[in-house]
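Visitor: Hi, I'd like a quick tour of the empty spaces in this protein. Can you show me the structure?

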Amino acid sequence: MDLKTRKEPRKVLMCSPDFFDIIDVKNPYMLGNSGQVNKIEARKQWETLKNVYENWVANSYLDEVLVIDGAENCEDMVFCANQSFPFLDEKNNKQVILSKMKHASRQKEVPYFKAFYNRLNYNCIELQNTELFEGMGDTIPHPGKQLYYGGYGHRSNADAYEEISKITQTPIISLELVSDHFYHLDTCFVPLSENAVMLCKEAFTDEGINQIKIYFKTLYFIDEQEAISTFCLNAHVINYPENKKKVAVLQKGSVQAKQALLNEGFEIEEIETSAFMKSGGSVFCMKMMIY
Ligand code: ARG
């Protein structure tokens, strides 16, 4: 398939963990963890990730780190991959689709991001024909190409991708997510290059795996156990042609995912995100790449 090229975003947005907490159970990782957040530890781990990004800026792998303040009563807002989906239209204008979050407590987060994007002169788009869509948690671009993968079944509905495909003028490969532990696409699917992806088989249907095989030559299958216990498929990789190096940041402790990254020539930063994993998120969830 002849796909157009896509310009990758070079700014990273994070949300400060000031009001991060675990109050209810939105995913299996949160079970038994209500009230179990050590705020000092969480802040320290968040700062470590921020430092990695600041170093990447210093090395010109990225252009800028931006921070939006966490808001009171928005205990999951630190997971800023979920409230929006930014893109450039064909005239290179900055556009963003605002999410329709599944949980009422998370719906409150979206207006803060809308205000943030307005300040950056983005055009904000509200979805008209879909009930559920959780932004970049479920929608992941093919590296460098005008093609998206859209996870559905837990936090986003399949019909979201029909609407988003029209809005973004981009083909979207919809992938059904069939396991509770892999409730967002960003928990089980990490494109590494135009040709390679690492993923967990158990998260997808056979049909989904066959779809993925059409677009990637190399599939690194990571064991379900490793993906669940280390959140390694929530790694964040930067593989931009204009950069000198390929870099990746992920939770410590994976074996297979680390090997896949090394095979693909990545320089790896391993960090601790245990405080956030108790809430069902790690690196990829804690940032948003923007233009
Ligand atoms: N506790 C949050 C939730 O269940 C975690 C979100 C993780 N984000 C992600 N992109 N996977 O909504």
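Guide: Let's start with the lining of the largest cavity: 20 nonpolar residues, five polar and four charged. Here Ala, Val, Leu, Ile, Met, Phe, Trp, Tyr, Cys and Pro count as nonpolar, Asp, Glu, Lys and Arg as charged, and the others, Gly among them, as polar.

Visitor: Before we go on, what am I looking at?

Guide: This is a predicted model, where local features need pLDDT of at least 70, side-chain atom pairs count only at pLDDT 80 or more, and totals for chains, interfaces and linings use all residues. Residues are numbered from 1 along each chain as its sequence is written, and side-chain values use heavy atoms, with hydrogens and water left out.

Visitor: OK. What's a cavity, and what's a pocket?

Guide: Both are found on a 1 Å grid over the protein atoms alone. A cavity is a set of points where a 1.4 Å probe fits but cannot get out. A pocket is an open set with protein on both sides within 12 Å along at least five of seven lines. Lining residues have an atom within 4 Å of a point.

Visitor: How many cavities of 30 Å³ or more are there?

Guide: Three. The largest holds about 370 Å³ of space. A volume is the space filled by probe spheres set on the points, and grid points are joined across faces, edges and corners.

Visitor: Which residues lie nearest the centre of the largest cavity?

Guide: Glu8, Ile140, Pro141, Val237 and Phe284, out of 29 lining residues.

Visitor: And the ligand, where does that sit?

Guide: In the second largest cavity. To count as sitting there, more than half of its atoms must lie within 2 Å of the grid points. That cavity has about 90 Å³ of space. Its lining has 14 residues, and Asn27, Phe79, Arg106, Tyr183 and Ser279 lie nearest the centre.

Visitor: Which residues are closest to the ligand itself?

Guide: Asn82, Arg106, Asp186, Ser279 and Cys285, among 15 that surround the ligand. A residue is near if one of its heavy atoms lies within 4 Å. By class, that shell has four nonpolar, six polar and five charged residues.

Visitor: Any polar contacts?

Guide: Here that term means a pair of N or O atoms within 3.5 Å. Side-chain atoms of Asp76 and Asn82 each lie 2.8 Å from a ligand nitrogen. For Arg155, the partner is a ligand oxygen, at 2.8 Å.

Visitor: How much of the ligand does the protein bury?

Guide: 100% of the 350 Å² that the ligand exposes when taken alone. Those areas come from the Shrake-Rupley method with a 1.4 Å probe.

Visitor: New topic: what about the largest pocket?

Guide: Its volume is about 220 Å³. It has 15 lining residues, with Thr5, Leu88, Asp89, Glu90 and Gln146 closest to its centre.

Visitor: And the second largest pocket?

Guide: About 190 Å³. Its lining includes Arg6, Lys7 and Glu8. By class, the lining has three nonpolar, three polar and six charged residues.

Methods. A polar contact is a pair of N or O atoms within 3.5 Å; within protein, one must be able to donate a hydrogen and the other to accept it, and residues adjacent in sequence count only if both atoms are side-chain atoms.
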